[in-house]
Amino acid sequence: MSKRLEVKDLINIGLFSVLGFVFMMIGSFLAMVPVLMPFVPLAQGILVGPVNMLYSTKIKKRGMVFIQSLLIALVYVAMGHGPWALLTAVIAGVIAEVILKSGGYTDVNKARLAFSIAPLCTIGNWLPIFISRNEYVKQMLEQGYNQEFIDKMLSVMPNWIIVVMAIGGIIGAYIGCSIGMAFLKKHFKKAGMEK
Amino acid sequence: MLSLQNLVLKFDGESILENINLNFKPGEVTVITGHSGTGKSSLLKVINGIIPEYDCGDVKGDVLYKDKSLLGMSILERSKFISTVFQNPKTQFYCINSTDELAFQLENRCIERNLILDKIHYYSDVLDSKDLLDKNIFELSGGEKQLIAITASGISENEIILLDEPSSSLDYESIKNLKRAIIELKKRNKIIILVEHRLFYLKDIVDKLCVIENKTFKEYTKEYFSDDFFERVSEKHNLRNFNEIFKSDFLNRQYEKVDMLQKNTPSNFANRSITCLHFKKTYDKNTIFDFSVSFNNGINFIIGQNGVGKSTFINLLMGTMKGKGEVFYKGEKLKKRYENIFAVMQDVNYQLFTESVWQELGTVTKQDDLKNEALRKVHLFNKKEMHPSSLSGGEKQRLLLAMSMVSQKPIIVFDEPTSGLCKMQMDILIGFLNQMVEQGKTIIIITHDFEFIKQCDGAIYEFTK
Amino acid sequence: MTIKLDFRTKLFMTIVLSYVMVLGNIQVKYFLQALIISVIPIVLLINTKHTRVAIIGMATLVFVYGADRFLMKLEYSPLVAILLILVMVVKKILPAFLMGKYTILTSNVGESIYSLKKMKCPDEIAIPLTVMVRFFYAARIDYSQIKKAMRLRGLTLKKLIKSPILLFEYRLVPLLMCLSKTADDLTVSAMTKGLAVNQKRTSISESRIGGIDCIFFVIMVWAIYLYIRGKYA
């Protein structure tokens, strides 16, 4: 079997990029209630995990996770979320690829680990909120607001929360992937869909 | 000329087809038929290269085209002279826009833009698909999708055209268009090979008939063809009918014309089993229907042209769509309709949720003896631990039939239950329908398949506007 | 007259807006210019008759600019702080979102892919992107069918709400089975139509950078200039 991606692989990348994106979108509806915003990556991870575990059974070659991460990020870029997700997609994609490769593309546990990281490709979408807020604070200082007022405002959403969100995302995806593994055993293996 | 020589096909060491010797000439239409699961579709896959490149399978013997063996060629190489129209119109499209889809193959061949547009223009005119250009394929009907697929095969100007059960989900009007397109392609000297269960539309265009049976084939050439011959062949191999069946054949049956825009309530509703009163549905300010209708106990067929609103009506009846109207069953108004109606929809794949046949039944009833009995009836008892998705199309449908039997719901609705079924499976289905009638259920069936209606007793309702 | 922009121009505008408007301080230093830039996507939306989206966008824009002024005058409280953060984030992100919405609403797949191909986008990206849109439609149709079938089987939300994983399973597994099968069928179909990776290909789609694209290109360069001046000058 050739190492290069074939039509079949590319069509599967397309399918699972769309599913990945859709479930991420569903997860982000949580942000409708602003207080729940930090939990979005966790919810996204849980939702997208089962889909990705089925995807992992179709991956036999290098590059499929990386391209999936990149494509999901690209859709967000085209939707106006800014180019930041591309950066996190490259980082998360490469890490996931390395993990998958270490498992020889057959190890389910390695796949779960890889797909716990891969959904972090969209964590970059949150950066503008933090960056723009920090920028805004600077402007407010320039306009003569006092430091105390701004510190209070910052305490509502400290910068380190993005790290918590990322960790939440990993935990969520790990749970999601575990559910996915159960589905695989229960359904897809039995139905002979896992090639 | 395309020829199969001593072709043997094995899956996992078990042979499916043995010693197939067939020749296909340009300008000839060859129809391959036989019961489900006999390997008809696999034969096409060997020709276009899907077996062994994509699906596993062991091919022995040879496939020759213009004296060159195809077996060493990839799907890509064969795509330069073989086109395939697949069974499922929904899944064979790469593009969303119909014109893009028509151009797709020529784009891949690196043909210049203007030349592609000329060819699209020419073939869409010849094959009568002009009205379908530049549309969103997802908004086209099954028949229109299939017409786009066949136009694409014309545009490719490939010499060999394979069609895998192209009519299985089409209504009469679309089948007529399909037939017209096949005739046009035949005129252009193509080698045309069809795998089909429904045969009535092929009677006057077929040049060679092949029946696959017991891993091998029977070949009948044009010299023998006559009305009498077709009757004997379909009798002998238990095939579907070669004769077209018309509405006029049903004159001796209970036959009602229902005007879907006629508001007033007919008087004969009193003694009937199901009454749909003042059903009204509007879409974008257009009234799709506004009428009342009632059905008897037993089997009721709903026929009517595509787009008349049959599916919308059924959805409203089942309560899966919003709209006005009330449903009465034996004089009582049904509040939660879906609690009284069991549906077997056209695509059975959407309707299976659990991990085994046994558990699937468990979502309907908890009584083990009922479940066992139903499984024996539909011949799935030895498959009760299997995953529903691993069953064949016919088996999935039978599983749903078993569920409808054990469910306490008195009304059962079918949408195109015979699509993709061979004669034998159709006969089995009819047997089960009759059993359900004996159980006292009321059955409503939407169908375009007049042969099925003819074989099966029941009242006919023609929906018109 | 309808303005027809190349996909590359739309993508470029979306990225510029999402960068410049979010990171810059244009809104503070050049209030009028910021408003003009924010209104560009709305004008484009109206031009292509996506009036509903345009009205919603315009209303949100007016609202956040108003709310910003109002909130700044209030005494501090945690609620005000949260609202203030929300308002300023929306104010910055909205133009890019509207531009993105415009890109998605007005782009046709064939043209977009052709455009990307002109930018030397490899098939490894282009082929998945093409089928993504297709699968998006397919998934929507499949999902609504599955939901309908579940309801008819009595597997309603009410019944399954106590076991959310089961609900998730019943909805997700058939969907994945169907889509997975669609992917297989589609692969076979595409291969028999001569699709191969990184082969030379023509396209019936047309796309070229025209005069109108250049105008918008210049406007974006102006936005970048404002961004740099606002920040460093």
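**View 1. Two annotated spans of chain B in a predicted model.** In residues 272-463 of chain B, helix makes up 32% and strand 28%, with 18 Å between the end C-alpha atoms. Keep in mind as you look around that this is a predicted model. For residues 2-239 of chain B, the shares are 34% helix and 26% strand, and the C-alpha atoms at the two ends sit 26 Å apart. Both spans carry the annotation "domain: ABC transporter", which comes from an unreviewed UniProt entry.

**View 2. The largest nonpolar core.** Here we step inside the largest nonpolar core, a set of 236 residues in which A:Ala114 and B:Ala402 touch the most other members. The top contributor to this core is helix H3 of chain A (residues 64-78), which gives 13 residues.

**View 3. Around B:Ala402.** Leaving aside residues up to four places away in sequence, what does B:Ala402 touch? Its partners are B:Leu361, B:Ala374, B:Leu375, B:Lys377, B:Val378 and B:Leu380. Another core lies apart from the largest one and has 6 residues, including A:Tyr136, C:Leu84, C:Ile85 and C:Met88.

**View 4. Where chain C meets chain A.** Chain A brings 45 residues to this contact and chain C brings 53 residues. On the chain C side, at least two residues each come from helix H1 (7-23), helix H5 (78-106), helix H7 (123-152) and helix H9 (164-192). Helix H5 of chain C has the largest share of that side, with 16 residues. What is the make-up of the side of chain C that touches chain A? Its residues are 43 nonpolar, 7 polar and 3 charged.

Note on methods:
Residues numbered from 1 in each chain as written. Chains lettered and ligands numbered in written order. Predicted model: local features only at pLDDT ≥ 70, side-chain atom pairs only at ≥ 80, totals over all residues. UniProt positions renumbered as here; feature names shortened; annotations may be inferred. Helix = DSSP H or I, 4+ residues; strand = E, 2+ residues; numbered from the N terminus. Core = buried A, V, L, I, M, F, W, Y, C linked by C-beta atoms within 7 Å. Buried ≥ 20, exposed ≤ 12 C-beta atoms within 10 Å, placed from the backbone. Contact = placed C-beta atoms within 7 Å. Nonpolar A, V, L, I, M, F, W, Y, C, P; charged D, E, K, R; others polar.
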